Every structure is written in structure tokens, then in C-alpha cells.
Amino acid sequence: MSEITSLVKVEHLVKKFPVSAGLFKTSKSFIHAVDDISFEIDSGSSLGLVGESGCGKTTTGKLLTRLYDPTSGLIEINDPRAGRVDLASLKGQALKDFRGRVQIIFQDPYESLNPRRTIFDTVSEPLVVQGLGNITQREEQVATLLETVGLTPASSFLFRYPHELSGGQRQRVAIARALVVNPSFVVADEPTSMLDVSIRIGVMQLMMELANEMDVSYLYITHDLAVARYMCQRIAVMYIGKIIEKAATEELLSHPLHPYTRALISAVPVPDPEFQRQAIPIKGGVSAPIDPPDQCRFYSRCPLADSFCRNNPHPPLEDKGGGHFVACYKV
Amino acid sequence: MTDLMLQVKDLTMHYKTSKGEVSAVNNVSFVVEKGQSLGLVGESGCGKTSIAFSLLRLLPDNAEIKGGDIILDGANITDMDKKQLLKVRWKGISMVFQAAMNALNPIFTVGEQIVEAIQVHNPEINVAEAKNNVTDLFTLVGLDPKLMDRYPHEFSGGMRQRAVIAMALACHPKLIIADEPTTALDVIVQDRILSQLKEIQDRLDMSMIYISHDIAVIAEVSDRIGVMYAGRMAELAKANEIFKRPIHPYTYALMSAFPSIKGPKKSLTTLPGEPPDLLNPPSGCRFHPRCPRATVQCRQETPPFIEHSPGHFAACWHPMEVENE
Amino acid sequence: MQTTTTQPIIIVPLWRVRLRLAWKSFKANWKLFVHNPIGVIGLVIILIFALMAISHPILMKYVWEPRVYDPVIGYDTEIFVHPSPPSARHLLGTDPLGRDILSQLLYGTRFSFILGISSALISVVIATTIGAVSAYYGGVVDMIFMRLADVITMLPFIAILVVLSALWEFTGFTLALVYGLLVGFGGQTIVIKSQALSIKVKPYIESARASGGGDWHIILTHMLPNLLPISFLFMMFTVTNAVFAEAALSFFGLLNIRMSWGIMINTAQAAGYLLAGSEYLYLLLPAGMAITLLCSAFYMVGRAMDEIVNPRLRER
């Protein structure tokens, strides 16, 4: 087996948003959207980032594409062509050049394409912006890619408008746009959750095939553990800005260690009427991460929490064996 | 046969649009027994929400029920006029709407809105009594009655959903239709709402129609399941039968298209094509363009919705015989 | 899955494709537009006025005697008393200074069109640019322009114009410029900015940024094309208001314009014929009706376009 290198290494990534205090006053409160997270994605493999709404997974995805600038931390991309680069520290022209290495696919197929631009314009935009190829080369590349994502014949799709396409087709266009600059890494933010069930699998399978063929890794953001299981080799679970567990997919699903992960897994409905699902009850709801106290984020809801948990800072992620990391004092 | 709460026979409903008539619901028949829950599952455009609106007769102006009968607890409500319907709505059938966030008026407190619902259908009840009812309802759905005087924006997503459920229960309906009540909610909140609904249903001995595109949720909530496709009912049977012995190829495809976190990681099969445009639906069986078992007959003749085994209905010329997995 | 296609993809020159697409979408919008009788009526009226405007120079050159029919300096010596009611020589009569009213009307049409359209263009270019920039950059830039717009909206329009006209000599051109500036920096910018804001948060903008698109690329390629429909809509309403504003100012005698519909009414008023009774209605009716009709026509076209631009208003 060839050496598995880490394609993406995120270390101590932090993103804080000021709670708006007005135009001229500086904020004293911050939303800790992403609060010191670290993870790795190997080349040829995909990481699922799972969590409920507000946990920071979408913000993480945007940080990795520099749609947000990190407050602090390292985002190292080990690109076969460009070498090791810290994406978090790039600025200006260097940043623009690097934009071609990491792309993003969004959740909403109806809003992620400009309704007034043709499919060709949309998919070729990354090429235009990066200054790659002349018009003929671009046309050919776009057409080829459209066929690759299943929109055949390409010539009949090139000059259509988004409103003439279905949701599944639009999402395929979004995938084509993400891949047209041959990125090494793509952030996929819930790309199938707004699609019909019978269409979803097709798009997911397409993404997996493309991962192999075009040597792309995904950060697959989703709230749906079943989808993450299908698409990813490893899963990281986020809760209020922190990663509280990460492990290989099957290991995480069969032996979840963190109480939140266990509650989450127990709450997922199972498509089997005979299965008696026992949901692990946890009290309360998710709170907004504004100036959280330096304590385990899950403390207020955790069935295992005690005074030790109350008096100590948020537990660090520790390897409990075999690459299965958990952030919990009680495990 | 036990008592039937709802009988729907050959319901057909069209929307008139500037581009033509959309055949949204076509010859749909099913029953719901008292105290039972029926799950309607299907993709976008399959007609499940249209059926719900037709049952409540809450249709927009350009919609028309072209045929069929709706019999609620023995009374045929299909041709009732507005005045008669007012007595049926909310007391006979009520609905928990999709996107509950939008079902609540932001400028009134939640308590006021439920009181209004109560008083509209029961003019003889005064405000104080209605408020008492609201307190009971809140307790029933797991909300703190003190929250009655708060505004919707002060509620979280899950709490708003509970409030909308409370509103639907306000007049103690015999049948409640829940249209994707947990779609926008996180999985842990969804789990709580689902178990709450089940508990309420048991306690009040209420019948329920649960509409969703999520097979897993439908599996957990329903006694019987109706699979809808392109405005028609493809299959109707006990929940177990639908999952273990699906007859209609679409049902089978749907089961195979759902990843699950339990059990072995099975490979999923794609269903080619897209759900059809109901302005010009396919001839004969509407599923034939995507069906691996389709023949000329499927294209030419609409298969009848018949009983293949006791209590198990399907509309297919070439039903599948699947071994128990 | 195949990654290469076997046959070469022949693509016609891009500009020709775009032309074909533009024509297709124009036809589709036209179909929607004619659905609405109001829009069609408005458009017909505008076309009639356009014909009137074109006809004036032709008539002056080939049909009419300039000495008699010039709208500003003509004088008919063969009629003793001016103003004179409509007659065979003067289809709409002559004004107190002996000039042919029909000629004035046609000349004024051309003037109104030019004034209206240039005001509209100026205001829309300003409002769209500023709206897009404000929405995109936010912060101080946004605040400055929005407060400016608030101030302008607060002040009564006609009063501002009156004051300004007292400070500077207002020709038609100046009026168009000032009016365009006021409207452009005023209320229109707020509406367009809010539209631009709703575009700014769309995922396709983020995609463009993730691909490496710079600020101007995004504003020009994504925001402006999506703002153009609403800008165009505003243009229609601005024409209406500009024509009316000119009429009002001319009526007050504040403009240094040779001839316009407003001047026609002003002339009648200055000579004391405004409330002189029904026999002198021919002095007021042509200009008054022209102003009303043209303004209404543009408004009607605007309303009909609103249904195309704003799909929620369309009937099912």
C-alpha cells in the first residue's frame, strides 16, 4: 500500500464572531462558533463532520475554503502540486492562486447557481477567475465534465439556465463546478439533504466515483449519520464548536464512547418497523455558544456529568485506542 | 373490521395552472382505523400534502376535487359547504403543518393563537375557559404552560413544533394529520417530538395520518404505510409488510435507497430518472419510465389498486415477490 | 464511468449563442408582458407619443411653414386675435403668443421623452451602482450612502428643486441631471440595496468567492445582472416622475426651457387664461392631457413589468 499522507491537517482552528455591539463600540461578547478543533483528512479518504444545527460544522467548512478567515489556527493542505501550504495564513494573490485547490458544494441546489447565467458560465467561472485556458479549451473542459457528472449530452445542457433543470441536475452542475479546477479537496455541505430520496443516492454515488477517479477527498458535512456512514471512512462529531469524538466510521457507529454521540446515534430513526429503538434521554437543548464557560460543553445535559466535570475545563481529545478519539472525562 | 375513522375512496384532485391542469391526486383510496396511524410516504410532488389539504378542504382557489369520497367517522364530507366544514375542521380533523415556524403568526403570543383556534370552532367557550384548555394542551405536548404568553420568536424550533401540535389538538380532533412535522428539526429533538406524538395518540386514542419523505421516521411512527408516487398510491399495507415484503417496484427501490446506521452496510441502488411532471404524467402506470420491470402493458394500461394479500394493496402489473430478508 | 466523450463537441461562437439566448428570453418575457392588458395599453400610448415626437421635425421640414408654425417663435399674422381656438389652419389653436399649439405639443413630446429617459438612466445607473456597492461592502460605506438616501427622501422633492432652481439657472439638461442625481441617491438606492443584500447572501456568491473571484468580479458578474430587472422597473417610474416634475417646475416658471408641455401651461397662466372659462380650455387641455397620458403610460408599463420581475405577483 502506498504511503497514506494526510492531505488536510487542521490544528487548533478557532473562529469567533463578535456579538454585534454597534458600529463604533467594540464587542465584548463572542460567539465561539469553532472552538479549537483539530483533525486530519488522508488523501483518498473522506471525513464526515456530523452534528446538530449550530454546532459549527458549516462554519468549519467555510473556514477550510477561506470563505471565513480563521481567528487563529492552522489549516495545512498538502497538495501534490503545490506542496505543503498553510491555507489559514495566505493572503492576496497567493490566496487567490490557492483557491483552485479547495472547493465547496452547497446544500441548496436552487440557490447555489446564479439564475441569470447559463450552465456553461457557471461551471467555467472558476476557470475564468483563475485565468485558465482560452475560450475553446474552457468549452471543451466544461462539456467533458458535464458528461462526467451524468448530464449527457453535454451540448444540450451547456447553454441552459438553472430553472430549466431539476434539483438533482442542478446539484450535478454544482459538483461539476467544484471539480472543474481539479481541486485536491472539496467541502460538501449537506449536498443531498434537499434532494428527493430517489435522487440522493445517485448524487452520492457520483461523488464517490469522482472521489476515486479524480483523486478528490471530501469533508462531508451532514446532520444525517446514515449518509455520513455511506460516504465517509472517518467521522468526527461536533458539539457547540468542539469535536467531541472522532473515529473510523464503523467503529464510531458500533462503539460510540461519548455520551452525546451515544444519544445522537440512539435518536436516529431506523427504517425497520420491528426494531425497538431505545433513545438515550438527555435533557435540555443546544445553547448558543456565546462566551461559553471553560467547562465541558456538554456538562449541562450529560447524564454522566459530575462535580469533576463541572470544575475542570473542556476535556481534551484523547486517543482511546486505534485512532478512536474522545473528549470526555468519564470514558 | 374495526371501526373506520376515515375512508377515502378514489379521491382525485387537480390544480389549474396557466400551463394546464396538474393531476396532483389520482384515484387514491385508503382507510384509517380508529386509534391507528397511517404513514404516507413519497417524494416531492407525489401528492401526499395535496391529499392532506383535500381532506381538510383547505385547497387554494385553483384546486378542484374532481371526484371521490371522503368519509370521516361515518359522515361524507366531500360535498359539504363552508358552514358545515367549519364544524368538521379542527374538531373532526386537524393538521400540524409543515414548516411549523411559518404556521405561527409572529405578532401574536402563542397562547392567543391557540385561544383563537379554540374560539373559532367553539364560539360558546369564553376566553378564560379557553386559556385553561391551553394550559392543559401545553402540558400534554410537553411545554411549560407559563410560556403561553410568549411570542413565537422566543420559542426554539422544537418548542414551536410542539406549539403547533398543541394548536392542532385544541379542539380534540378525532383525526390529526401531521405533515412533515419534524423535517427542519435536529435528530434528538425529532426523536422527542415523535415519542411525544405517539404518547398523545395513545392517551387520546386519536387516529393519525403521518406524512413524510423520510422512510425511517415513517417506519417508527406508522401502523400502516401508504406509498405514494406521482399522485397515485403505489402500495398500502401494514408497516412490516411494506418493509419486509414490498410488492411495488417503487416501494422496493425506495427501501433500497435508504442508508441506515444499523445493520451491515449494504450497497444502495439508484433509481434512474426523476419524478414525473404532473402536467403531463406518463401514460398507464406513472412509474413505468423508471421501472426495471416495465412492459408495454405498463405503458398502455393503468394498473388497478387491488388487494394482493390480506390488507396488502398495490397497483402494479408485475408485482415483486420478495423473500423475507 | 467514461470521462471522455468520443465525438468532438462543436460549439458555435459564443456571442452568437448568447444572442440567441437573449432573444429567447426576450420572447418569453414578451409573452408574459402581453398577458397584462394594462402593460399593453401603456406601451401603445408610449408608441403613439413616440410617433408624435418623431413627426415634429418631419412636419417642420416638409409640411409646415417655419415662420408660422415654429413652436417658440412662430407667429400667425393672418389671425388677428391670439389665442385663437382650433381651426383648419391650427388644429389645436394658437396660444396667447400666436404660436401653433399642435406644434408645441409635438415638440414638447420629444422634450419630455429626452428628459424622462435621461433622468431615468442617470438615476438608475447611480442607484444600481451604489446599491450594489453598499450591499456588498457594508460598514461605513453602506452607512454613508444610506443616511444620504434617508436625508434626500426626507426632504420634499419639489421644494428642493425649487430652491436649487433659484440658485442655478435650470435648463432641461440641468433638470435631468439634478433630478437623476436626487432620485439616484435617494429612495431608489435603498430598495436596490436591499435587493442586492438578498443576492449577496446567496450560495452562488460564496461559490464565486471560493473560486477566487474578486469583489469587482462578483459585483459585475453576479450582482448587477440580477439587479437589472428591478433597475429597469424603476426606470419606468422615474420617467413618470421626471416628466411630472418638469411640468410642475415649468408651471412655476422656474425653468429656462424654450418649450415644453409645462411651458405651455405656464404661458397660458402668465397671460391670465388659466381660469378664464371653458372657451379657453384648448389652451390647457392638450398639454395637461399629454402629461397625464404619458406619465400614466410609463407607470402602466412599469406595473406590468413588475409582474415579470417579481414572480410572486404572477397569477398561477
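Guide: An angle here is taken between N-to-C directions on a scale from 0 to 180 degrees, with axes fitted to C-alpha atoms. The model in front of you is predicted. In chain B, helix H6 (residues 157-168) lies across S6 and strand S7 (175-179).

Visitor: At what angle does H6(B) run to S6(B)?

Guide: The angle is about 170 degrees. A second helix, H10(B), lies across strand S9 (224-229) and strand S10 (232-238) of chain B and runs at about 105 degrees to S9(B).

Visitor: Which sheet do these strands belong to, and what is its strand order?

Guide: They belong to an open sheet of eight strands in chain B, ordered S6-S7-S8-S3-S9-S10-S12-S11, with mixed pairing.

Visitor: What makes strand S6 (93-96) and strand S11 (306-309) of chain B edge strands?

Guide: Each has a single partner strand, so one side of each has no neighbour in the sheet. The twist from one strand to the next averages 20 degrees.

Visitor: How do you know that S11(B) and strand S12 (residues 312-314) of chain B pair?

Guide: Pairing requires at least two bridges. S11(B) and S12(B) have three, in the antiparallel sense, so they count as a pair. Across this pair, Glu307(B) stands opposite Phe313(B).

Visitor: What is the make-up of the sheet in chain A that contains S1 and S2?

Guide: That open sheet has four strands in the order S2-S1-S4-S5, and the pairing is antiparallel. Its edges are strand S2 (30-42) and strand S5 (83-86) of chain A, each pairing on one side only. The average twist from strand to strand is 15 degrees.

Visitor: How do you know that strand S1 (residues 6-18) of chain A pairs with S2(A)?

Guide: Ten bridges join the two strands, against a requirement of at least two, so the pair qualifies. Phe17(A) stands opposite Ile31(A) in S2(A). S1(A) also pairs with S4(A), in the antiparallel sense, over five bridges. There, Val10(A) has Ile75(A) in S4(A) as its bridge partner.

Visitor: What links S4(A) and S5(A)?

Guide: The two strands form a hairpin, with three residues between them. Four bridges pair S4(A) and S5(A) in the antiparallel sense, and Glu76(A) stands opposite Asp86(A) in S5(A).

Visitor: Which strands of chain A does helix H1 (residues 57-64) lie across?

Guide: Helix H1 of chain A lies across S1, S2 and strand S4 (72-79) and runs at about 65 degrees to S2(A).

Visitor: Why are helix H3 (residues 119-130) and helix H6 (residues 167-179) of chain A called parallel or antiparallel?

Guide: The two helices pack at about 30 degrees, with their axes 7 Å apart. Angles under 35 degrees count as roughly parallel, and therefore H3(A) and H6(A) are roughly parallel to each other. On the H3(A) side, Ile119(A), Thr122(A), Val123(A), Glu125(A) and Pro126(A) meet Val173(A), Ala176(A) and Arg177(A) of H6(A). By class, that contact has five nonpolar, one polar and two charged residues.

Visitor: What makes helix H1 (residues 14-34) of chain C oblique to helix H12 (residues 285-309) of chain C?

Guide: Their axes come within 9 Å and cross at roughly 125 degrees. That value lies outside 65 to 115 degrees and is not over 145, so H1(C) is oblique to H12(C). The contact is made by Asn29(C), Leu32(C) and Phe33(C) of H1(C) with Ala304(C), Met305(C) and Ile308(C) of H12(C). Five of these residues are nonpolar and one is polar, with no charged ones. The crossing is right-handed.

Visitor: How do you know whether chains A and B agree with a compact globule?

Guide: For the 325 residues of chain B, a compact globule would have a radius of gyration near 20 Å, and chain B has 20 Å, which agrees. For the 331 residues of chain A the expectation is also near 20 Å, and the 21 Å of chain A agrees. Along its principal axes, the C-alpha trace of chain B spans about 65 × 50 × 45 Å, and the C-alpha atoms of chain A fill a box of roughly 70 × 60 × 45 Å. Chain A has eleven helices and twelve strands, as does chain B.

Visitor: How many residues of chain B are in contact with chain A?

Guide: The number is 31, and they touch 33 residues of chain A. The elements giving two or more residues to the chain B side are helix H7 (187-204), helix H8 (215-221), helix H9 (239-244) and helix H10 (249-256). H8(B) gives the largest share, five residues. By class, this side has 17 nonpolar, seven polar and seven charged residues.

Definitions and conventions: Residues are numbered from 1 along each chain as its sequence is written. Chains are lettered from A and ligands numbered from 1 in the order in which they are written. This is a predicted model: local features need pLDDT of at least 70, side-chain atom pairs count only at pLDDT 80 or more; totals for chains, interfaces and linings use all residues. Two residues are in contact if their C-beta atoms, placed from the backbone, lie within 7 Å. A crossing is left-handed if the near helix is turned anticlockwise from the far one by less than a right angle, and right-handed if clockwise. Ala, Val, Leu, Ile, Met, Phe, Trp, Tyr, Cys and Pro count as nonpolar, Asp, Glu, Lys and Arg as charged, and the others, Gly among them, as polar. The radius of gyration is taken over C-alpha atoms; the globule rule is 2.2 Å times the number of residues to the power 0.38.
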